[in-house]
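Thanks, everyone. I will go through the aromatic contacts, then a surface patch, then the strands.

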Amino acid sequence: MIVRPLQPEDLGQSSTIHLEVLRTEFLTRAGPRFLRRYHRAWIESDDAIALAAVDAEDRVVGVLLGSTRPAHHYRAMVQRHGLQLSLLLLFQAVTHRSFARELLITRGRRYTRGVLRMGVSGAKDLVRKNRNRQRSGADDLMAVQRAPQRVGEITHVMVREELAGSGIGRALLDAAENAGVQAGLDELVLVTMPGLPAAAFYEHLGWERVGDRRSQSGEDFVQYRLSMVSRGQDPP
């Protein structure tokens, strides 16, 4: 078994694993076509950590999705894939009434605001970049010294159910940690759904549970953190 970047040709298998492992997640109820596009958006993001664990026959047996710069990553997803993802959500809503009700009640207003906010944020980024180009060398040095901690995020760790406990999850997390170190992160956070049997697994690997949180859509998550320094890495 090896861990490599998730590829476009993996999308059918990776979306199937997502459907199997996280049956109760909202995204899975959006359907396999949505999940394939969603995974493609991660593959095409410069700030994403999109990994596949594959066996000797190149069959995808595990998937990890994360980001080294979450805000930039999600902004890019909306800008590049937001229209396609929205259309797929709409199609699922039209063909599945229960999904339509859930989408409208829990996410309709927030998703609309989010898309608009991303557009405004993108325009502000362009203005900010132009201003940054005009800074002096001394100003740039001061900005680096004041830089906040760089925190990456892992949102999905999924392993084929029949292969749970075989080391695939650990290999994916090790690869994600290496990606975080290479990106100069100070810390990685991981969010997972409550009630999954992975809690003890994460803690065994050195992840610290930092509490529960609820999304704006009302979904509950458990959050963990991993310090790059605590893993024997020098701070960037």
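Searching the whole structure gives 6 aromatic pairs. Please keep in mind that this is a predicted model. A pair of aromatic rings is described by the distance of the centres and the angle of the planes.

Take Phe-26 and Phe-99. Their rings are stacked, at 5.4 Å centre to centre with 20 degrees between the planes. Phe-26 belongs to helix 2, residues 26-29, and Phe-99 to helix 5, residues 97-133, so this pair ties together parts that are 73 residues apart in sequence. Are these two rings buried or exposed? Phe-26 is buried, at a relative accessible area of 2%, and Phe-99 is buried as well, at 3%.

Next, Trp-42 and Tyr-74. This pair is edge-to-face: the centres are 6.1 Å apart and the angle between the planes is 85 degrees. Trp-42 sits in helix 3, residues 32-43, while Tyr-74 sits in helix 4, residues 70-95, so the contact ties together parts 32 residues apart in sequence. Trp-42 is buried, with 1% relative accessibility. Tyr-74, at 28%, counts as partly exposed. Both residues belong to one aromatic cluster, together with Phe-34 and Tyr-38.

There is also a charge over a ring. Arg-33 lies over the face of Phe-91, 5.3 Å from the ring centre.

Now the surface. Which residues form a nonpolar patch there? They are Leu-83, Leu-87, Leu-90 and Val-94, and together they have about 430 Å² of accessible area. Val-94 is located in helix 4. Its relative accessible area is 64%, and the cut-off for exposed is over 50%, so Val-94 counts as exposed.

Last, the strands. How many residues of strand 3 are buried? Strand 3 covers residues 60-67, and 8 of its 8 residues are buried. Strand 3 pairs with strand 2, residues 48-54, in the antiparallel sense over 7 bridges. Within that pairing, Ala-48 is opposite Ser-67 of strand 3. The two strands make a hairpin with 5 residues between them, and in the turn Asp-58 has a positive phi of about 60 degrees.

Strand 3 has a further antiparallel pairing, with strand 4, residues 151-159, over 6 bridges. Here Leu-65 has His-156 in strand 4 as its bridge partner. Strand 3 thus pairs with strand 2 and with strand 4. As a general point, side chains in a regular strand alternate between the two faces of the sheet.

That is what I have; I will take questions now.

Terms used:
Residues numbered from 1 in each chain as written. Predicted model: local features only at pLDDT ≥ 70, side-chain atom pairs only at ≥ 80, totals over all residues. Heavy atoms only, no water. Phe/Tyr/Trp six-rings, centres within 6.5 Å; stacked < 30°, edge-to-face > 60°. Helix = DSSP H or I, 4+ residues; strand = E, 2+ residues; numbered from the N terminus. Buried < 20%, exposed > 50% of the residue type's maximum accessible area, 1.4 Å probe, protein only. Lys NZ or Arg CZ within 6 Å of the ring centre and 35° of its normal. Patch = residues over 30% accessible without salt bridge, like charges linked within 9 Å, V, L, I, M, F, W, Y side chains within 5 Å. Areas by Shrake-Rupley, 256 points an atom, 1.4 Å probe, with all protein chains shown as cover. Salt bridge = Lys/Arg side-chain N within 4 Å of Asp/Glu carboxyl O. Pairing = 2+ DSSP bridges.
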